[in-house]
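Visitor: Can we go through the charged pairs and the nonpolar packing in this one?
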Amino acid sequence: MDPIDDLRRAVRVVKQRHPFDIVAWVILPDYEHVVWTLPTNDGDCATRWILIKAAFSPGMPKGERIRNARRRNGGRGIWQRRFREHLVIDDDDLRRHVDQVHINPVMHGYIAHAADWPYSSIHRDMRLGVVPKDWAAASEGDVRAGRAEAIGLRCAHPNLWAC
């Protein structure tokens with residue numbers, strides 16, 4: 001099975017018991033960025049990440065480089081131990097984080113156009129017609145603003161998290 005399919009399955013399983021909405025997500029070869037909306041009065045990104053990692057990791061073949069301390073504790077080297085989280089504070093902050101998620105494959109030189117990266121939620125936004133197919137092309141050298149408003153995302157929700 002494809003590791004991306006395994007990750008999608010893990011996310012679906014975790015979302016059933018610990019709901020969240022995916023605002024933006026991109027998976028790169030060595031890391032991923034997400035923006036989630038969590039239920040009201042629930043800011044627990046950590047539990048969701050732990051459960052996603054736990055559901056995904058057993059399906060991955062062993063053999064990754066791993067430090068001795070992690071090996072002694074039965075850990076794997078697939079994931080970083082830590083993650084950064086940020087509570088989105090306003091509409092501009094939301095726009096910056098969503099755009100940052102979607103521009104990452106271009107910024108890291110994997111592709112020339114954001115639409116060319118297969119593991120990005122930008123394709124959902126393009127299917128909805130709120131993001132043009134040529135959004136954030138490397139040759140343009142810019143990230144177009146206004147997407148968050150175009151797809152009806154407002155920061156009025158108190159639990160938008162960038163992880």
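Guide: Salt bridges come first, then the nonpolar cores.

Visitor: What should I know about the model and numbering?
Guide: This is a predicted model: local features need pLDDT of at least 70, side-chain atom pairs count only at pLDDT 80 or more, and totals for chains, interfaces and linings use all residues. Residues are numbered from 1 along each chain as its sequence is written, and side-chain values use heavy atoms, with hydrogens and water left out.

Visitor: OK. How many salt bridges in the whole structure?
Guide: Six turn up in a search of the whole structure. A salt bridge here is a side-chain nitrogen of Lys or Arg within 4 Å of a carboxyl oxygen of Asp or Glu.

Visitor: Which residue does Arg-8 pair with?
Guide: Asp-5, with N to O at 3.5 Å. Both sit in helix H1 (residues 3–17), three residues apart, so about one helical turn separates them. Helices (H or I, at least four residues) and strands (E, at least two) are DSSP runs, numbered from the N terminus.

Visitor: Are Arg-8 and Asp-5 buried or exposed?
Guide: Arg-8 is partly exposed, at 43% relative accessible area. Asp-5 is partly exposed too, at 30%. The cut-offs: buried is under 20% relative accessible area, exposed is over 50%, partly exposed is in between (1.4 Å probe, protein chains only).

Visitor: And Arg-95, what does it bridge to?
Guide: Asp-92, with the closest N and O atoms 3.0 Å apart. Both lie in helix H4 (residues 91–107), three residues apart, about one turn. Arg-95 counts as buried at 15%, while Asp-92 is partly exposed at 36%.

Visitor: Which residues share a network with those two?
Guide: Asp-92, Asp-93, Arg-95 and Arg-96 are linked in a network of salt bridges.

Visitor: What about Asp-125?
Guide: Asp-125 bridges to Arg-124, 3.2 Å from N to O. Asp-125 is buried, at 1% relative accessibility. Arg-124 is partly exposed, at 26%.

Visitor: Switching topic. How many residues in the largest nonpolar core?
Guide: It has 18 residues, and those with the most contacts inside it are Val-35, Leu-94, Val-98, Ile-122 and Trp-135. A nonpolar core is a set of buried Ala, Val, Leu, Ile, Met, Phe, Trp, Tyr and Cys residues joined through side-chain atoms within 4.5 Å.

Visitor: Which elements give two or more residues to it?
Guide: Strand S1 (21–27), H4 and helix H5 (122–127). H4 gives the largest share, five residues.

Visitor: What lies apart from that core?
Guide: Another core, of 15 residues, including Leu-7, Ala-10, Val-14 and Ile-52.
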